[in-house]
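This report concerns a protein and the RNA strand shown with it. Please keep the sequence and the structure at hand while reading.

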Amino acid sequence: MIDLRLLRVDPDRVRASQRARGEDVELVDALLAADERQRSSSSRFDELRNEQRQLGKQVAQAKGDEKAALLERTKELSGEVKAANAEQTEAEAEVQRLLGGLANLLDPAAPIGGEEDFVTLEEVGTPRDFGAEGFEPRDHVELGKLLGAIDTERAAKVSGSRFYYLTGVGALLELALVNMAVAQATEAGFIPMITPALVKPRAMEGTGFLGQAAENVFHLPEDDFYLVGTSEVPLAAYHMDEILDADQLPLRYAGFSPCFRREAGTYGKDTRGIIRVHQFDKVEMFSYVAPEDAEAEHKRLLQWEKDFLNKLGLAYRVIDVASGDLGASAMRKYDIEAWIPTQGKYRELTSTSNCGEFQARRLGIRMRGEEGNRPLATLNGTLCAVPRTIVALLETHQLADGSVVVPEALRPYLGGREVLTPVGK
RNA sequence: GGAGGCUUCGCCUAGUCCGGUCUAUGGCGCCGCACUGCUAAUGCGGUUUCGGGGUUAUUCCUGAUCGAGGGUUCAAAUCCCUCAGCCUCCGCCA
(Lines give C-alpha, C1' and ligand atoms only; values in the text may rest on other atoms or scores of the structure.)
Protein backbone atom coordinates (compact mmCIF):
# COMPACT_ATOMS: atom_id res chain seq x y z
CA MET A 1 0.00 0.00 0.00
CA ILE A 2 1.39 3.36 -0.89
CA ASP A 3 0.82 6.70 0.84
CA LEU A 4 -2.42 8.31 -0.31
CA ARG A 5 -0.96 11.73 0.32
CA LEU A 6 1.85 11.01 -2.07
CA LEU A 7 -0.68 9.93 -4.65
CA ARG A 8 -2.51 13.24 -4.28
CA VAL A 9 0.63 15.32 -4.50
CA ASP A 10 2.51 13.41 -7.18
CA PRO A 11 0.23 11.09 -9.15
CA ASP A 12 2.62 11.08 -12.10
CA ARG A 13 5.22 9.29 -10.09
CA VAL A 14 2.73 6.55 -9.28
CA ARG A 15 1.62 6.34 -12.91
CA ALA A 16 5.21 5.96 -14.06
CA SER A 17 5.78 3.20 -11.55
CA GLN A 18 2.68 1.31 -12.64
CA ARG A 19 3.67 1.67 -16.28
CA ALA A 20 7.18 0.33 -15.71
CA ARG A 21 5.75 -2.70 -13.94
CA GLY A 22 3.32 -3.36 -16.74
CA GLU A 23 0.46 -2.72 -14.34
CA ASP A 24 -2.76 -0.78 -14.74
CA VAL A 25 -2.11 2.97 -15.01
CA GLU A 26 -5.81 3.90 -15.02
CA LEU A 27 -6.00 2.72 -11.45
CA VAL A 28 -4.31 5.94 -10.39
CA ASP A 29 -7.11 8.15 -11.68
CA ALA A 30 -9.81 5.86 -10.35
CA LEU A 31 -8.14 6.11 -6.99
CA LEU A 32 -7.85 9.90 -7.11
CA ALA A 33 -11.56 10.15 -7.85
CA ALA A 34 -12.48 7.70 -5.11
CA ASP A 35 -10.30 9.58 -2.64
CA GLU A 36 -12.01 12.84 -3.49
CA ARG A 37 -15.39 11.23 -2.98
CA GLN A 38 -14.29 9.72 0.28
CA ARG A 39 -13.09 13.00 1.69
CA SER A 40 -16.18 14.97 0.79
CA SER A 41 -18.54 12.32 2.13
CA SER A 42 -16.49 12.10 5.27
CA SER A 43 -16.56 15.83 5.98
CA ARG A 44 -20.32 15.82 5.42
CA PHE A 45 -20.67 13.07 7.96
CA ASP A 46 -18.41 14.94 10.38
CA GLU A 47 -20.61 18.01 10.25
CA LEU A 48 -23.84 16.11 10.74
CA ARG A 49 -22.40 14.06 13.52
CA ASN A 50 -21.13 17.17 15.23
CA GLU A 51 -24.60 18.67 15.18
CA GLN A 52 -26.07 15.46 16.50
CA ARG A 53 -23.68 15.40 19.41
CA GLN A 54 -24.33 19.02 20.32
CA LEU A 55 -28.08 18.48 20.26
CA GLY A 56 -27.70 15.31 22.24
CA LYS A 57 -26.22 17.29 25.09
CA GLN A 58 -29.13 19.70 25.05
CA VAL A 59 -31.65 16.88 24.99
CA ALA A 60 -30.13 15.43 28.11
CA GLN A 61 -30.78 18.63 30.02
CA ALA A 62 -34.05 19.80 28.44
CA LYS A 63 -37.46 19.12 29.87
CA GLY A 64 -41.08 19.17 28.75
CA ASP A 65 -42.00 21.05 25.56
CA GLU A 66 -38.47 22.12 24.95
CA LYS A 67 -37.35 18.52 25.00
CA ALA A 68 -40.13 17.42 22.67
CA ALA A 69 -39.12 20.06 20.15
CA LEU A 70 -35.51 19.04 20.29
CA LEU A 71 -36.39 15.40 19.87
CA GLU A 72 -38.23 16.19 16.68
CA ARG A 73 -35.13 17.67 15.13
CA THR A 74 -32.81 14.97 16.44
CA LYS A 75 -34.99 12.22 15.03
CA GLU A 76 -34.71 13.77 11.63
CA LEU A 77 -30.98 14.20 12.06
CA SER A 78 -30.56 10.61 13.05
CA GLY A 79 -31.58 9.44 9.62
CA GLU A 80 -29.27 11.88 7.89
CA VAL A 81 -26.36 10.82 10.02
CA LYS A 82 -26.97 7.19 9.20
CA ALA A 83 -27.15 7.87 5.49
CA ALA A 84 -24.01 9.97 5.53
CA ASN A 85 -22.23 7.34 7.51
CA ALA A 86 -23.19 4.62 5.06
CA GLU A 87 -21.97 6.74 2.19
CA GLN A 88 -18.70 7.44 3.88
CA THR A 89 -18.16 3.79 4.75
CA GLU A 90 -18.77 2.80 1.18
CA ALA A 91 -16.45 5.44 -0.23
CA GLU A 92 -13.79 4.41 2.24
CA ALA A 93 -14.12 0.76 1.25
CA GLU A 94 -13.76 1.70 -2.41
CA VAL A 95 -10.58 3.63 -1.70
CA GLN A 96 -9.17 0.70 0.24
CA ARG A 97 -10.11 -1.74 -2.48
CA LEU A 98 -8.38 0.32 -5.17
CA LEU A 99 -5.43 1.13 -2.98
CA GLY A 100 -4.97 -2.55 -2.21
CA GLY A 101 -4.68 -3.27 -5.92
CA LEU A 102 -1.91 -0.77 -6.48
CA ALA A 103 1.63 -2.15 -6.61
CA ASN A 104 4.47 -0.66 -4.62
CA LEU A 105 6.39 2.28 -5.99
CA LEU A 106 9.35 1.24 -8.02
CA ASP A 107 12.85 2.08 -6.87
CA PRO A 108 14.12 4.46 -9.59
CA ALA A 109 17.37 2.51 -9.66
CA ALA A 110 15.68 -0.77 -10.61
CA PRO A 111 16.15 -1.86 -14.23
CA ILE A 112 13.10 -1.33 -16.42
CA GLY A 113 11.66 -4.17 -18.42
CA GLY A 114 10.47 -7.75 -18.25
CA GLU A 115 11.92 -10.97 -16.90
CA GLU A 116 14.77 -10.97 -19.43
CA ASP A 117 15.82 -7.41 -18.72
CA PHE A 118 17.64 -8.03 -15.47
CA VAL A 119 21.09 -6.58 -14.93
CA THR A 120 23.88 -8.87 -13.82
CA LEU A 121 25.66 -7.22 -10.93
CA GLU A 122 28.43 -9.75 -10.46
CA GLU A 123 29.50 -13.31 -11.03
CA VAL A 124 31.20 -15.14 -8.20
CA GLY A 125 33.21 -18.33 -8.55
CA THR A 126 33.80 -20.30 -11.71
CA PRO A 127 31.41 -22.99 -12.92
CA ARG A 128 33.19 -26.31 -12.70
CA ASP A 129 34.46 -27.63 -16.01
CA PHE A 130 33.53 -31.30 -15.98
CA GLY A 131 34.75 -31.70 -19.56
CA ALA A 132 38.25 -30.81 -18.46
CA GLU A 133 37.97 -33.22 -15.55
CA GLY A 134 37.01 -35.94 -17.95
CA PHE A 135 33.61 -37.07 -16.76
CA GLU A 136 29.97 -36.37 -17.38
CA PRO A 137 28.25 -34.89 -14.31
CA ARG A 138 25.16 -36.67 -13.00
CA ASP A 139 22.11 -34.59 -12.25
CA HIS A 140 20.79 -34.25 -8.72
CA VAL A 141 18.08 -36.83 -9.25
CA GLU A 142 20.57 -39.47 -10.19
CA LEU A 143 22.96 -38.45 -7.44
CA GLY A 144 20.12 -38.40 -4.95
CA LYS A 145 19.23 -41.93 -5.89
CA LEU A 146 22.81 -43.19 -5.72
CA LEU A 147 23.30 -41.61 -2.31
CA GLY A 148 19.94 -42.75 -1.03
CA ALA A 149 19.19 -39.10 -0.38
CA ILE A 150 16.19 -38.23 -2.52
CA ASP A 151 13.15 -40.32 -3.41
CA THR A 152 10.79 -38.66 -5.84
CA GLU A 153 9.22 -41.85 -7.17
CA ARG A 154 7.60 -42.85 -3.91
CA ALA A 155 6.68 -39.22 -3.25
CA ALA A 156 4.74 -39.26 -6.51
CA LYS A 157 2.91 -42.34 -5.30
CA VAL A 158 2.04 -40.72 -2.00
CA SER A 159 1.55 -37.06 -2.87
CA GLY A 160 1.82 -36.70 -6.62
CA SER A 161 4.23 -34.79 -8.76
CA ARG A 162 6.47 -32.05 -7.38
CA PHE A 163 6.90 -33.80 -4.05
CA TYR A 164 9.92 -35.60 -2.66
CA TYR A 165 11.21 -37.51 0.30
CA LEU A 166 14.59 -36.63 1.66
CA THR A 167 15.95 -39.92 2.94
CA GLY A 168 18.99 -40.96 4.93
CA VAL A 169 21.84 -38.64 4.19
CA GLY A 170 19.46 -36.36 2.29
CA ALA A 171 17.44 -35.75 5.42
CA LEU A 172 20.63 -35.15 7.35
CA LEU A 173 21.75 -32.74 4.67
CA GLU A 174 18.63 -30.64 5.10
CA LEU A 175 19.08 -30.50 8.86
CA ALA A 176 22.74 -29.58 8.42
CA LEU A 177 21.98 -26.78 5.99
CA VAL A 178 19.23 -25.44 8.21
CA ASN A 179 21.44 -25.51 11.26
CA MET A 180 24.27 -23.83 9.44
CA ALA A 181 21.94 -21.12 8.16
CA VAL A 182 20.37 -20.52 11.56
CA ALA A 183 23.82 -20.40 13.14
CA GLN A 184 24.99 -17.78 10.67
CA ALA A 185 21.85 -15.71 11.15
CA THR A 186 21.99 -15.92 14.92
CA GLU A 187 25.60 -14.85 14.91
CA ALA A 188 24.64 -11.85 12.79
CA GLY A 189 22.08 -10.85 15.40
CA PHE A 190 18.91 -12.33 13.93
CA ILE A 191 16.34 -13.74 16.31
CA PRO A 192 15.63 -17.32 15.22
CA MET A 193 11.92 -18.01 14.74
CA ILE A 194 9.83 -21.04 13.99
CA THR A 195 6.67 -19.71 12.46
CA PRO A 196 3.13 -20.83 11.64
CA ALA A 197 2.66 -22.17 8.13
CA LEU A 198 -1.08 -21.51 8.11
CA VAL A 199 -2.18 -17.90 8.26
CA LYS A 200 -5.37 -15.91 8.07
CA PRO A 201 -6.33 -13.84 5.01
CA ARG A 202 -5.26 -10.57 6.59
CA ALA A 203 -1.67 -11.74 6.97
CA MET A 204 -1.52 -13.08 3.42
CA GLU A 205 -3.11 -9.99 1.98
CA GLY A 206 -1.03 -7.61 4.04
CA THR A 207 2.17 -9.17 2.83
CA GLY A 208 1.00 -8.70 -0.74
CA PHE A 209 0.51 -12.26 -1.89
CA LEU A 210 -3.16 -12.20 -2.77
CA GLY A 211 -2.84 -9.98 -5.82
CA GLN A 212 -1.21 -11.29 -8.97
CA ALA A 213 0.57 -13.97 -6.93
CA ALA A 214 -2.69 -15.40 -5.58
CA GLU A 215 -2.80 -18.28 -8.04
CA ASN A 216 0.30 -19.73 -6.45
CA VAL A 217 -1.09 -19.76 -2.96
CA PHE A 218 -2.72 -22.80 -1.40
CA HIS A 219 -6.00 -21.98 0.34
CA LEU A 220 -8.03 -24.07 2.77
CA PRO A 221 -11.54 -22.76 2.14
CA GLU A 222 -13.22 -24.68 4.94
CA ASP A 223 -11.17 -22.91 7.54
CA ASP A 224 -10.16 -19.87 5.51
CA PHE A 225 -6.49 -20.47 6.09
CA TYR A 226 -3.71 -19.89 3.62
CA LEU A 227 -0.59 -22.01 3.44
CA VAL A 228 2.39 -19.70 3.42
CA GLY A 229 4.75 -19.76 0.47
CA THR A 230 7.49 -18.35 2.66
CA SER A 231 7.95 -17.47 6.31
CA GLU A 232 8.17 -13.87 5.12
CA VAL A 233 4.40 -13.89 5.62
CA PRO A 234 4.25 -14.82 9.31
CA LEU A 235 7.37 -12.75 10.01
CA ALA A 236 5.91 -9.63 8.41
CA ALA A 237 2.55 -10.13 10.09
CA TYR A 238 4.22 -10.84 13.43
CA HIS A 239 4.12 -7.14 14.33
CA MET A 240 0.82 -6.43 12.62
CA ASP A 241 -1.00 -3.42 14.13
CA GLU A 242 1.93 -2.58 16.37
CA ILE A 243 3.98 0.54 16.87
CA LEU A 244 7.62 -0.36 17.42
CA ASP A 245 10.06 1.87 19.26
CA ALA A 246 12.47 3.42 16.78
CA ASP A 247 15.41 2.63 19.01
CA GLN A 248 14.76 -1.10 18.91
CA LEU A 249 15.28 -1.08 15.15
CA PRO A 250 16.61 -2.70 13.13
CA LEU A 251 14.71 -5.77 14.22
CA ARG A 252 15.92 -8.91 12.46
CA TYR A 253 14.29 -12.33 12.43
CA ALA A 254 15.40 -15.57 10.85
CA GLY A 255 12.35 -17.71 10.21
CA PHE A 256 12.36 -21.41 9.57
CA SER A 257 9.21 -22.91 8.12
CA PRO A 258 7.81 -25.13 5.44
CA CYS A 259 6.81 -23.28 2.28
CA PHE A 260 3.95 -24.26 0.03
CA ARG A 261 3.51 -23.26 -3.61
CA ARG A 262 0.89 -24.32 -6.08
CA GLU A 263 3.19 -23.73 -9.05
CA ALA A 264 0.14 -23.07 -11.21
CA GLY A 265 0.95 -22.63 -14.86
CA THR A 266 4.31 -24.34 -14.67
CA TYR A 267 3.29 -27.65 -16.22
CA GLY A 268 6.22 -29.10 -18.05
CA LYS A 269 8.71 -26.78 -16.35
CA ASP A 270 11.27 -28.39 -14.11
CA THR A 271 9.24 -31.56 -13.82
CA ARG A 272 12.29 -33.57 -12.94
CA GLY A 273 13.80 -33.54 -9.51
CA ILE A 274 13.39 -31.08 -6.71
CA ILE A 275 14.01 -27.72 -8.37
CA ARG A 276 10.34 -26.82 -8.42
CA VAL A 277 8.23 -28.44 -5.72
CA HIS A 278 5.00 -27.83 -3.85
CA GLN A 279 6.54 -28.02 -0.42
CA PHE A 280 9.98 -27.24 0.92
CA ASP A 281 11.69 -25.86 3.98
CA LYS A 282 13.45 -22.55 4.06
CA VAL A 283 15.37 -20.26 6.37
CA GLU A 284 14.34 -16.71 5.65
CA MET A 285 15.80 -13.43 6.89
CA PHE A 286 13.41 -10.62 7.64
CA SER A 287 14.20 -7.05 8.73
CA TYR A 288 12.19 -4.19 10.11
CA VAL A 289 14.10 -0.92 9.65
CA ALA A 290 13.55 2.82 9.37
CA PRO A 291 12.72 3.69 5.75
CA GLU A 292 15.90 5.69 5.34
CA ASP A 293 17.95 2.59 6.28
CA ALA A 294 16.19 0.24 3.90
CA GLU A 295 18.60 0.49 1.03
CA ALA A 296 21.61 -0.23 3.21
CA GLU A 297 19.80 -3.12 4.86
CA HIS A 298 19.00 -4.55 1.43
CA LYS A 299 22.72 -4.63 0.65
CA ARG A 300 23.39 -6.31 3.98
CA LEU A 301 20.82 -9.03 3.33
CA LEU A 302 22.40 -9.65 -0.05
CA GLN A 303 25.80 -9.92 1.56
CA TRP A 304 24.55 -12.48 4.10
CA GLU A 305 23.10 -14.52 1.26
CA LYS A 306 26.42 -14.41 -0.55
CA ASP A 307 28.29 -15.37 2.62
CA PHE A 308 26.18 -18.47 2.93
CA LEU A 309 26.66 -19.57 -0.67
CA ASN A 310 30.37 -18.81 -0.47
CA LYS A 311 30.69 -21.17 2.45
CA LEU A 312 29.04 -23.86 0.36
CA GLY A 313 31.52 -23.29 -2.45
CA LEU A 314 28.91 -22.60 -5.11
CA ALA A 315 29.37 -20.55 -8.28
CA TYR A 316 26.68 -17.94 -8.74
CA ARG A 317 25.71 -14.61 -10.18
CA VAL A 318 23.77 -11.76 -8.62
CA ILE A 319 21.09 -10.12 -10.70
CA ASP A 320 19.13 -6.92 -10.29
CA VAL A 321 15.59 -7.98 -11.16
CA ALA A 322 13.73 -5.83 -13.70
CA SER A 323 10.60 -3.82 -12.96
CA GLY A 324 8.12 -6.17 -14.63
CA ASP A 325 9.28 -9.15 -12.60
CA LEU A 326 9.34 -7.69 -9.10
CA GLY A 327 6.01 -8.74 -7.63
CA ALA A 328 3.59 -6.26 -6.09
CA SER A 329 5.43 -5.66 -2.84
CA ALA A 330 9.03 -5.09 -3.87
CA MET A 331 10.60 -1.78 -4.82
CA ARG A 332 13.73 -3.57 -5.78
CA LYS A 333 14.89 -7.17 -5.78
CA TYR A 334 18.19 -8.99 -6.10
CA ASP A 335 18.23 -12.67 -6.97
CA ILE A 336 21.19 -14.94 -6.59
CA GLU A 337 21.34 -17.68 -9.17
CA ALA A 338 23.64 -20.61 -8.68
CA TRP A 339 25.29 -22.52 -11.47
CA ILE A 340 23.60 -25.85 -12.05
CA PRO A 341 26.12 -28.00 -13.97
CA THR A 342 23.73 -30.41 -15.68
CA GLN A 343 21.48 -27.60 -16.83
CA GLY A 344 24.39 -25.46 -17.97
CA LYS A 345 22.79 -22.36 -16.55
CA TYR A 346 22.21 -20.25 -13.50
CA ARG A 347 19.06 -20.96 -11.46
CA GLU A 348 17.51 -18.87 -8.73
CA LEU A 349 18.58 -19.97 -5.28
CA THR A 350 17.86 -16.94 -3.16
CA SER A 351 16.06 -13.65 -3.50
CA THR A 352 16.05 -10.50 -1.44
CA SER A 353 13.44 -7.76 -1.67
CA ASN A 354 13.17 -4.25 -0.34
CA CYS A 355 9.46 -3.70 0.23
CA GLY A 356 9.84 -0.18 1.59
CA GLU A 357 6.77 0.89 3.54
CA PHE A 358 4.41 -1.12 1.38
CA GLN A 359 3.85 -4.13 3.63
CA ALA A 360 4.07 -2.06 6.79
CA ARG A 361 1.22 0.17 5.65
CA ARG A 362 -0.93 -2.78 4.72
CA LEU A 363 -0.23 -4.52 8.01
CA GLY A 364 -0.47 -1.42 10.20
CA ILE A 365 3.11 -1.57 11.44
CA ARG A 366 4.71 1.72 12.44
CA MET A 367 7.66 3.05 14.34
CA ARG A 368 7.57 5.52 17.19
CA GLY A 369 10.36 8.05 16.84
CA GLU A 370 11.16 11.70 17.31
CA GLU A 371 9.16 12.59 14.22
CA GLY A 372 6.09 10.90 15.62
CA ASN A 373 4.63 7.66 14.36
CA ARG A 374 5.32 6.64 10.81
CA PRO A 375 5.45 3.46 8.78
CA LEU A 376 8.71 1.58 8.75
CA ALA A 377 10.30 -0.48 6.01
CA THR A 378 10.39 -4.25 5.69
CA LEU A 379 12.86 -6.37 3.80
CA ASN A 380 13.31 -10.07 3.30
CA GLY A 381 15.93 -12.37 1.92
CA THR A 382 16.39 -16.10 1.51
CA LEU A 383 19.17 -17.54 3.55
CA CYS A 384 18.63 -21.14 2.53
CA ALA A 385 15.88 -22.65 0.44
CA VAL A 386 16.65 -26.29 1.10
CA PRO A 387 15.87 -28.29 -2.07
CA ARG A 388 17.50 -25.95 -4.55
CA THR A 389 20.53 -25.61 -2.31
CA ILE A 390 20.79 -29.39 -2.22
CA VAL A 391 20.57 -29.52 -6.00
CA ALA A 392 23.39 -27.03 -6.46
CA LEU A 393 25.44 -28.66 -3.74
CA LEU A 394 25.20 -32.24 -5.02
CA GLU A 395 25.77 -31.35 -8.63
CA THR A 396 28.63 -28.95 -7.99
CA HIS A 397 30.63 -31.12 -5.60
CA GLN A 398 30.15 -34.54 -7.17
CA LEU A 399 32.96 -36.90 -8.06
CA ALA A 400 33.23 -39.31 -10.96
CA ASP A 401 31.96 -42.25 -8.90
CA GLY A 402 28.86 -40.46 -7.70
CA SER A 403 30.27 -39.43 -4.34
CA VAL A 404 29.80 -35.86 -3.20
CA VAL A 405 32.35 -33.84 -1.27
CA VAL A 406 30.89 -32.00 1.68
CA PRO A 407 32.02 -28.35 1.79
CA GLU A 408 34.20 -27.77 4.79
CA ALA A 409 31.87 -25.26 6.44
CA LEU A 410 29.04 -27.78 6.40
CA ARG A 411 30.97 -30.68 7.89
CA PRO A 412 30.50 -29.75 11.54
CA TYR A 413 26.76 -29.94 10.94
CA LEU A 414 27.03 -33.41 9.41
CA GLY A 415 28.90 -35.05 12.21
CA GLY A 416 32.22 -34.32 10.54
CA ARG A 417 31.49 -36.19 7.32
CA GLU A 418 33.75 -35.18 4.47
CA VAL A 419 32.22 -37.17 1.65
CA LEU A 420 28.81 -38.61 0.92
CA THR A 421 29.19 -41.95 -0.77
CA PRO A 422 26.74 -43.99 -2.81
CA VAL A 423 24.85 -46.48 -0.70
CA GLY A 424 26.02 -50.09 -1.08
CA LYS A 425 29.54 -49.03 -2.03
C1' G B 1 -16.62 -30.54 21.24
C1' G B 2 -19.30 -28.76 26.17
C1' A B 3 -19.78 -25.09 30.44
C1' G B 4 -18.34 -20.53 32.62
C1' G B 5 -15.38 -15.98 32.94
C1' C B 6 -12.81 -12.10 30.57
C1' U B 7 -11.28 -8.17 26.43
C1' U B 8 -11.30 -0.10 28.25
C1' C B 9 -6.18 5.20 25.23
C1' G B 10 2.17 1.44 26.35
C1' C B 11 1.11 -1.76 31.20
C1' C B 12 -2.44 -2.23 35.27
C1' U B 13 -7.19 -0.28 36.30
C1' A B 14 -12.39 2.71 37.41
C1' G B 15 -16.81 2.98 34.69
C1' U B 16 -20.99 -1.58 32.21
C1' C B 17 -26.15 -3.87 36.81
C1' C B 18 -29.72 1.31 36.18
C1' G B 19 -27.89 4.65 28.40
C1' G B 20 -27.11 11.39 28.41
C1' U B 21 -22.30 16.05 32.65
C1' C B 22 -17.54 9.81 29.75
C1' U B 23 -14.62 15.62 26.86
C1' A B 24 -13.34 7.51 29.60
C1' U B 25 -11.00 7.43 36.29
C1' G B 26 -6.65 6.53 38.94
C1' G B 27 -1.72 4.29 39.35
C1' C B 28 2.86 2.84 36.86
C1' G B 29 5.98 3.99 32.93
C1' C B 30 7.53 7.74 29.56
C1' C B 31 8.36 13.10 27.90
C1' G B 32 8.88 18.38 29.21
C1' C B 33 9.45 22.23 32.87
C1' A B 34 10.59 23.88 37.94
C1' C B 35 13.43 23.03 42.33
C1' U B 36 18.04 20.83 44.00
C1' G B 37 26.27 20.17 44.62
C1' C B 38 25.10 15.24 41.33
C1' U B 39 21.54 11.44 41.53
C1' A B 40 17.15 10.56 43.98
C1' A B 41 12.81 12.68 45.87
C1' U B 42 9.08 16.39 45.14
C1' G B 43 5.82 19.79 42.41
C1' C B 44 3.46 21.32 37.78
C1' G B 45 2.14 20.14 32.82
C1' G B 46 1.82 16.50 28.93
C1' U B 47 1.11 11.34 27.12
C1' U B 48 -4.61 6.11 22.79
C1' U B 49 -4.50 5.83 17.80
C1' C B 50 -6.15 7.32 12.88
C1' G B 51 -8.52 10.99 9.68
C1' G B 52 -10.52 15.93 7.74
C1' G B 53 -10.27 21.34 7.84
C1' G B 54 -8.31 26.36 9.08
C1' U B 55 -3.69 29.09 10.36
C1' U B 56 1.13 28.02 9.83
C1' A B 57 4.85 31.85 15.40
C1' U B 58 2.18 28.24 17.16
C1' U B 59 -2.19 26.95 17.95
C1' C B 60 -7.32 26.20 16.88
C1' C B 61 -11.92 23.58 15.02
C1' U B 62 -13.85 18.78 14.02
C1' G B 63 -14.90 13.27 13.26
C1' A B 64 -13.84 8.26 14.32
C1' U B 65 -11.78 4.96 18.05
C1' C B 66 -13.65 1.19 24.89
C1' G B 67 -11.68 -6.80 20.90
C1' A B 68 -14.53 -6.90 15.59
C1' G B 69 -19.14 -6.41 13.04
C1' G B 70 -24.31 -5.58 13.18
C1' G B 71 -28.87 -3.97 15.83
C1' U B 72 -32.11 -1.02 19.36
C1' U B 73 -32.38 4.39 20.55
C1' C B 74 -33.03 11.27 19.61
C1' A B 75 -28.51 9.42 22.16
C1' A B 76 -24.39 3.28 23.40
C1' A B 77 -17.95 1.81 26.81
C1' U B 78 -23.02 0.92 29.06
C1' C B 79 -28.80 -2.68 26.30
C1' C B 80 -29.45 -6.89 22.36
C1' C B 81 -27.31 -10.29 18.49
C1' U B 82 -23.20 -12.57 15.79
C1' C B 83 -18.06 -13.47 15.58
C1' A B 84 -12.87 -13.52 17.25
C1' G B 85 -9.07 -13.89 20.94
C1' C B 86 -7.52 -15.10 25.95
C1' C B 87 -8.33 -17.71 30.76
C1' U B 88 -10.57 -21.79 33.95
C1' C B 89 -12.95 -26.56 34.20
C1' C B 90 -14.71 -31.11 31.55
C1' G B 91 -14.08 -34.38 27.19
C1' C B 92 -10.66 -35.86 23.32
C1' C B 93 -5.63 -35.89 21.67
C1' A B 94 0.69 -35.97 19.71
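The text below treats the surface near the RNA and then one arginine and a helix.

The model is predicted. RNA strand B is surrounded by 20 residues, and the closest are Asp46, Arg49, Arg53, Ser78 and Arg366. Of the atoms of RNA strand B that come within 4 Å of the protein, 77% belong to sugar and phosphate. The surface near RNA strand B is made of nine charged, six polar and five nonpolar residues. At least two residues each come from α1 (4-9), α3 (26-61), α4 (64-100) and β14 (366-369). With ten residues, α3 gives the most to this surface.

The table gives distances from side-chain N or O atoms to phosphate oxygens.

| Residue | Partner | Distance |
|---|---|---|
| Ser78 | phosphate oxygen of RNA strand B | 2.8 Å |
| Arg366 | phosphate oxygen of RNA strand B | 2.5 Å |
| Arg368 | phosphate oxygen of RNA strand B | 3.4 Å |

Arg252 is part of strand β9 (residues 251-260). Its relative accessibility is 15%, so Arg252 counts as buried. The side chain of Arg252 makes a polar contact of 2.7 Å with that of Glu297. Among the other residues that Arg252 touches are Phe190, Phe286, Arg300 and Trp304.

Glu297 and Trp304 are among the buried residues of α11, which also include His298, Leu301 and Phe308. Helix α11 (residues 294-311) has 18 residues and should span 26 Å at 1.5 Å a residue; its end C-alpha atoms are 26 Å apart, so the two values agree. Just after α11, Gly313 has a positive phi of about 70 degrees.

Key:
Residues numbered from 1 in each chain as written. Chains lettered and ligands numbered in written order. Predicted model: local features only at pLDDT ≥ 70, side-chain atom pairs only at ≥ 80, totals over all residues. Heavy atoms only, no water. Helix = DSSP H or I, 4+ residues; strand = E, 2+ residues; numbered from the N terminus. Buried < 20%, exposed > 50% of the residue type's maximum accessible area, 1.4 Å probe, protein only. Polar contact = N/O pair within 3.5 Å; in protein donor to acceptor, adjacent residues only side chain to side chain. Contact = heavy atoms within 4.5 Å. Expected span 1.5 Å × (residues − 1). Near = heavy atom within 4 Å. Nonpolar A, V, L, I, M, F, W, Y, C, P; charged D, E, K, R; others polar. Lists of a residue's contacts leave out its neighbours within four places in sequence.
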